[in-house]
Amino acid sequence: MRYPPMLGPATAGARAGTDAAEDERTSQSRGSWLLVLALSLLLMLGLSMTTPAAAQDAAPADDVAAMTLLEALDVDSFPAKGRAIEAIVHSDDPRARDWLQALLDGRLQRAGDGRFVVVLDNTGRDWPVQDALSGEPLGQMSRRELDRIGINNALRNQLRSAIAVVDLYAADVGLRRASAERLLGEVDGDLAGPLVEVIEEEPDARVRERLVQALAIYRLEQGELEAIDDLQGSLHPRVRVALNRAANGDDPIVADAAREALNGIEQMLKLNRAAETLYFGLSLGSVLVLAAIGLAITFGVMGVINMAHGELIMLGAYTTWAMQQLLPGQPGVALILAIPAGFLVAALAGIAIERGVIQFLKGRPLETLLATFGISLILQQLVRTGISPLNRTVITPEWMSGSIAVNDALSLTLNRMYVLGFALVVFAVLMLIMRRTRLGLEVRAVTQNRAMARSMGIRATRVDIMTFALGSGVAGLAGVALSQLTNVGPNLGQNYIIDSFMVVVFGGVGNLWGTLVAGLSLGVINQVLEPWAGAVMAKIIVLVFIILFIQKRPRGLFPQKGRAAEG
Amino acid sequence: MSILRSLASRDRVFDFLVPVESPVDVRHGPILYLEDVTVSFDGFKAINDLNLTIDDGELRCIIGPNGAGKTTMMDIITGKTRPDSGQVWFGSRHDLLTMNEPEIASLGIGRKFQKPTVFEALTVFENLELAMAADKRILPTLTARINGEIRDRIDEILEIIGLKPLHARPAGILSHGQKQWLEIGMLLMQRPRLLLVDEPVAGMTEQEMERTAELLTGLAGKQSVVVVEHDMGFVRSIARKVTVLHQGSVLAEGSMDQVSSDPRVIEVYLGAEAEEETL
Amino acid sequence: MDSSRLWLLRPFGERSTLIFLGVLLAAMTLVTLLHVAVPPGHPLYVSAYTVNLSGKYLSYALLAVAVDLVWGYLGILSLGHGAFFALGGYAMGMYLMRQIGDRGVYGHPELPDFMVFLNWDSLPWYWYGFDMAWFAFLMVLLVPGALALVFGFLAFRSRVTGVYLSIITQALTFALMLAFFRNEMGFGGNNGLTDFREILGFNLRSSETRLGLFLATGVALALGYVLCRAIVTSKLGRVCVATRDAEARTRFLGYRVERFQLFVFTVSAMLAGLAGALYVPQVGIINPSEFSPLFSIEIVLWVALGGRATLYGAVIGAILVNYAKTVFTGAMPDAWLFALGGLFVLVTVFLPKGVAGLLALRLRRRRDGDGSFSGKEASA
């Protein structure tokens with residue numbers, strides 16, 4: 001075991017109190033010597049540590065020696081603690097990793113009687129603990145009886161690196177991946193050799209790729225030109241840091257190659273950024289489509305202007321919230337149940353609006369607009385006084401949270417993915433209903449020639465109600481989906497009504513395909529504009545664009561032609 | 001020139017019949033000329049290679065089954081619909097395809113709609129006032145006043161269309177037939193060179209129909225009139241030349257007798273009716 | 001008499017206009033007398049606050065007249081007239097801002113406080129000239145007029161009408177609201193323009209100035225009303241009604257409908273701008289909330305409640321609704337939106353001709369031949 005003279009634990013301790021993030025960048029070599037230590041340790045032990053059975057065999061180690069190791073931690077000086085950590089790493093003790101982890105989490109504590117314990121849960125007044133040496137549970141202890149072994153940021157970094165190295169040999173592939181991740185840019189000369197062997201033995205491709213890159217960064221630092229080949233195409237920021245450094249280095253050949261590699265990476269990053277913008281755009285677009293598609297039916301197909309459409313969306317969102325209140329602890333189930341419930345609530349509200357007001361205003365679109373606007377005010381105020389003027393929290397179920405990492409630069413959030421899929425499904429179902437069912441046929445008949453449809457035995461009033469209920473119900477579905485993306489509050493609907501109308505008008509009234517294309521493309525346009533124009537300006541530009549677009553093509557992207565459209 | 005002379009001799013009798021000074025050049029042929037006009041809606045060809053020529057002063061009846069393209073043809077002439085291809089000329093100077101509705105209207109093409117369209121909130125008198133040939137730009141319209149001359153002209157038309165007692169009532173209260181007459185009156189106020197009349201006698205009584213026939217035949221010679229009509233009796237009573245449209249193009253053209261004996265016409269159009277009505 | 005001027009005087013021959021002007025004059029005189037001649041504390045005394053409030057109502061009434069001109073007679077339901085109102089208000093606000101001079105909190109000789117606060121070092125070019133009253137007052141009319149001209153030109157040329165037009169006017173005011181919320185626009189962002197001191201040298205906080213503003217608003221309302229009345233009783237007004245009821249027919253008569261629409265729309269926007277300019281010094285602030293779609297659609301409710309296509313109905317509606325709003329928001333603020341929402345529904349379903357329609361019903365027997373605009377519903 002060699003200690004690099006400048007970066008021993010004493011140095012680490014002397015840095016106590018400096019910013020962790022900054023430390024991380026400047027302490028590569030320290031991390032790497034720790035790695036060497038740990039690796040050599042582990043190699044010496046062979047595979048004995050990797051299986052639990054082997055660990056059992058190693059258990060009857062000298063508890064007195066272990067006690068000495070831990071005693072060394074319970075000192076005031078941070079540099080001394082750093083040395084003690086080294087000692088633990090060297091100790092070959094199978095419990096070392098648990099101690100280090102507990103120390104890192106602040107759970108390694110010393111009881112009043114001098115025993116070292118690991119706190120299992122440090123919430124509340126009394127904490128359950130177990131013996132650090134034997135691992136036996138010791139029941140609850142009052143926090144007053146316990147004395148925490150404190151650490152600082154420098155020690156925390158030291159601990160993390162040490163644990164990362166240990167983890168590289170863990171059986172769990174997740175642990176190995178995480179630790180390989182941490183090694184990027186942390187490798188140095190002492191570690192490069194052993195790492196080659198680790199790479200050869202590593203069964204997991206992703207871990208291997210990471211380790212190769214980690215090694216290549218070191219090789220690049222040594223001026224090895226071929227290392228760039230291993231780094232080519234990596235999108236990880238630390239790889240770019242290393243390449244940048246090489247590009248500004250002394251060796252012109254390496255610098256050129258690094259620059260070239262960087263250019264390639266930059267290109268790929270651009271692609272990824274474009275993909276990300278596209279994803280966000282499609283996601284926003286899917287929200288617009290969901291919000292507008294119900295309107296496309298009530299306004300586009302029936303010609304009824306429902307300004308309370310936004311509030312029907314809001315009702316759907318509140319239904320989701322209410323379902324989660326009814327089923328506490330089951331946010332996922334509640335969300336799935338909210339889909340039919342939200343549809344139903346909004347559809348019933350829609351029927352009430354149609355029967356209560358709209359039917360009296362047939363053929364007077366401007367009056368319908370005003371009356372339904374009044375309804376939207378009433379619904380908003382109902383929610384404000386009945387529930388609360390403040391936003392409600394709707395929980396995102398576990399299976400919808402998180403994201404899928406496509407590569408180092410691009411990860412797609414799951415909830416948006418679900419909403420996008422949901423929007424497409426809703427759209428497809430609506431298309432089916434309009435194209436393939438009796439209702440769809442009757443709706444099209446009534447909208448094209450009411451009197452004729454009537455004389456053929458279609459009950460036009462019933463069709464009106466059904467269509468309006470369908471459009472309203474879809475608004476409710478939009479609300480259920482929106483509750484996963486935005487705040488659920490009384491103003492939720494208001495924020496979407498103008499956008500929804502824009503989408504319908506842009507797409508061409510009476511054309512569901514138009515609504516889909518218009519919604520998605522407006523979403524993408526908005527996201528493309530946002531980086532250079534800002535969110536508000538992007539919105540304004542889109543609005544102005546639509547206003548100008550309507551000048552050019554008053555009937556939207558996909559106009560209906562012919563006599564029927566002239567009315 | 002003979003037309004002008006006959007006009008001069010008769011304009012004292014029917015003051016309203018004097019056409020406004022129109023720049024239409026009819027020295028070299030017809031007043032209205034449609035060539036190879038085609039228009040389609042969503043793939044359906046409403047008008048298909050239509051060729052039609054209306055001579056100055058002619059009274060032409062256009063008949064054809066539903067969907068033959070009669071109304072669409074009117075839409076094209078008046079600038080409401082743009083054809084996909086073809087040419088439409090008013091006289092030999094004016095390409096109608098380059099103009100919008102008001103420009104075409106002020107050239108002297110007047111149109112009566114199939115469904116009578118009058119301004120229901122305005123009085124009968126005001127309806128005629130708006131239709132009157134005048135400077136129709138904004139400021140002249142804003143400052144326009146009704147003087148004795150205008151009042152006389154409106155009164156004259158009111159007499160002709162028989163709505164004098166109702167002149168101060170909103171047009172919305174008129175019966176269907178009265179609205180038809182009011183609309184014809186509005187056409188006359190415009191003093192057009194070419195009148196396009198879409199189903200003028202729908203919903204009229206026998207007497208009203210007779211008066212309409214009288215009026216339209218009286219107009220012919222000085223103004224060109226194109227009448228689209230379903231009522232065969234009426235067409236027979238006024239028609240000199242009849243054009244039969246079928247599927248967007250001309251099927252037959254000639255006098256009523258010629259047309260009604262044409263086997264193709266009988267097959268596509270008259271046949272069904274001939275059994276009931278015997279033409 | 002010069003015939004080109006005559007159309008402006010025509011309304012004075014109408015009884016309804018004379019009655020309207022009489023009532024307005026009487027109300028103005030009454031308020032003035034009760035404010036000036038009656039000692040404070042007397043039950044009949046009208047406080048400066050009430051004078052101010054009445055002035056605000058009258059500016060709203062002028063705005064409602066402007067909306068009725070386009071909606072009632074032209075059939076264009078503008079859901080964006082609040083934008084013209086606010087632009088007029090901002091033009092006036094900029095003048096009032098510059099009148100503050102170096103007496104602002106930061107004492108900068110030229111820059112308004114909010115610009116100093118945002119570390120601007122010089123006045124943006126579009127603020128030039130607003131220190132001169134004549135220029136600012138001209139802008140009060142020209143800025144909303146220009147916007148209406150451009151917007152209307154684009155919209156009417158491509159024959160965007162009916163509900164589509166309503167929606168894009170709403171989008172217009174919404175876009176402007178978003179824009180004016182931005183600090184970078186240079187109009188005070190969220191807070192707008194406020195802390196005004198004087199107008200034309202008169203202290204805005206003195207009760208004399210407030211009375212003067214009230215009277216000025218009354219006069220503006222009277223002039224605006226007469227102008228609109230002159231327009232709607234002219235042949236041009238009849239072309240508007242014709243356009244409203246049968247646009248295609250009007251085109252076939254040879255009228256360039258889009259130009260008439262553009263003309264009336266622009267006049268209406270300028271009147272709305274004037275109303276906004278009179279509103280701002282009386283309430284002491286202008287901020288982007290005047291651009292909110294809710295405000296614009298509220299204006300339409302005033303007109304609907306009062307009775308469309310009558311002009312005086314718009315005045316009645318504006319005053320009724322705003323008085324109710326003052327009372328409600330003071331007594332039970334939560335109930336106001338319910339009441340407002342309910343009004344929208346009730347008026348459109350049960351009272352399509354508004355209060356004026358009820359009045360007209362009573363007077364129908366006595367009036368004859370003046371039924372020009374009472375025929376068909378003015379729906380698009």
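Visitor: Two strands pair if DSSP finds at least two bridges between them. With that in hand, which residue is the bridge partner of A:Arg110 in strand 5 of chain A?

Guide: A:Asp147 is the bridge partner there. Keep in mind that this is a predicted model. Strand 1 of chain A, residues 108-111, is joined to strand 5 by three bridges, and the two run antiparallel.

Visitor: And what stands opposite A:Arg110 in strand 2 of chain A?

Guide: A:Phe116 does. Strand 2 covers residues 116-119 and pairs with strand 1 in the antiparallel sense, again over three bridges.

Visitor: What about the turn between those two?

Guide: The hairpin of strands 1 and 2 of chain A has four residues between the strands, and A:Gly114 there has a positive phi near 95 degrees.

Visitor: Where does strand 2 of chain A go from there, sheet-wise?

Guide: Three bridges join strand 2 to strand 3 of chain A, residues 126-131, and this pair is antiparallel too. A:Val117 has A:Asp131 in strand 3 as its bridge partner. Their hairpin has six residues between the strands, with A:Gly124 at a positive phi near 85 degrees.

Visitor: So what is the strand order in the whole sheet?

Guide: The order is 4-3-2-1-5, in an open sheet of five strands in chain A with antiparallel pairing. Strand 4 (137-142) and strand 5 (146-148) have a single partner strand each, so they stand at the edges with one side lacking a neighbour in the sheet. On average, neighbouring strands are turned by 45 degrees against each other, ignoring direction.

Visitor: Change of topic. What is the phi of B:Glu199?

Guide: Phi of B:Glu199 is near 45 degrees, a positive value in a residue that is not glycine. Most residues other than glycine have a negative phi.

Visitor: Where is B:Glu199, and is it buried or exposed?

Guide: B:Glu199 sits in the loop between strand 7 (194-198) and helix 8 (206-219) of chain B. B:Glu199 is buried, because 20 other C-beta atoms lie within 10 Å, and 20 or more is the cut-off for buried.

Visitor: What about C:Leu311 and its phi?

Guide: C:Leu311 is not a glycine either, and its phi is positive, about 70 degrees. C:Leu311 lies in the loop between helix 12 and helix 13 (312-331) of chain C. It counts as buried, with 30 C-beta neighbours inside 10 Å.

Visitor: Staying in chain C, how do helix 3 and helix 11 cross?

Guide: The axes of helix 3 (residues 48-72) and helix 11 (residues 257-283) of chain C come within 8 Å and cross at roughly 170 degrees. The two helices are therefore roughly antiparallel to each other.

Visitor: Which residues meet between helix 3 and helix 11 of chain C?

Guide: Helix 3 brings ten or so names to the list, including C:Leu62, C:Leu63 and C:Ala66, and helix 11 residues in the contact include C:Leu271, C:Ala275 and C:Leu278. The contact divides into 15 nonpolar, five polar and one charged.

Visitor: Last one: how many residues do chain C and chain A put into their contact?

Guide: Chain C gives 39 residues and chain A gives 35 residues. On the chain C side, helix 6 (133-157), helix 7 (162-181), helix 12 (293-306) and helix 14 (333-350) each supply at least two residues. Helix 7 of chain C gives the most to that side, with 13 residues. By class, the side of chain C that touches chain A has 27 nonpolar, eight polar and four charged residues.

Terms used
Residues are numbered from 1 along each chain as its sequence is written. Chains are lettered from A and ligands numbered from 1 in the order in which they are written. This is a predicted model: local features need pLDDT of at least 70, side-chain atom pairs count only at pLDDT 80 or more; totals for chains, interfaces and linings use all residues. Two residues are in contact if their C-beta atoms, placed from the backbone, lie within 7 Å. Ala, Val, Leu, Ile, Met, Phe, Trp, Tyr, Cys and Pro count as nonpolar, Asp, Glu, Lys and Arg as charged, and the others, Gly among them, as polar. Axes are lines fitted to C-alpha atoms, for helices over the stretch in contact, and angles run from 0 to 180 degrees between N-to-C directions. A residue is buried if 20 or more other C-beta atoms lie within 10 Å of its own, exposed if 12 or fewer, and partly exposed in between; C-beta atoms are placed from the backbone. Angles under 35 degrees count as roughly parallel, over 145 as roughly antiparallel, 65 to 115 as roughly perpendicular and the rest as oblique.
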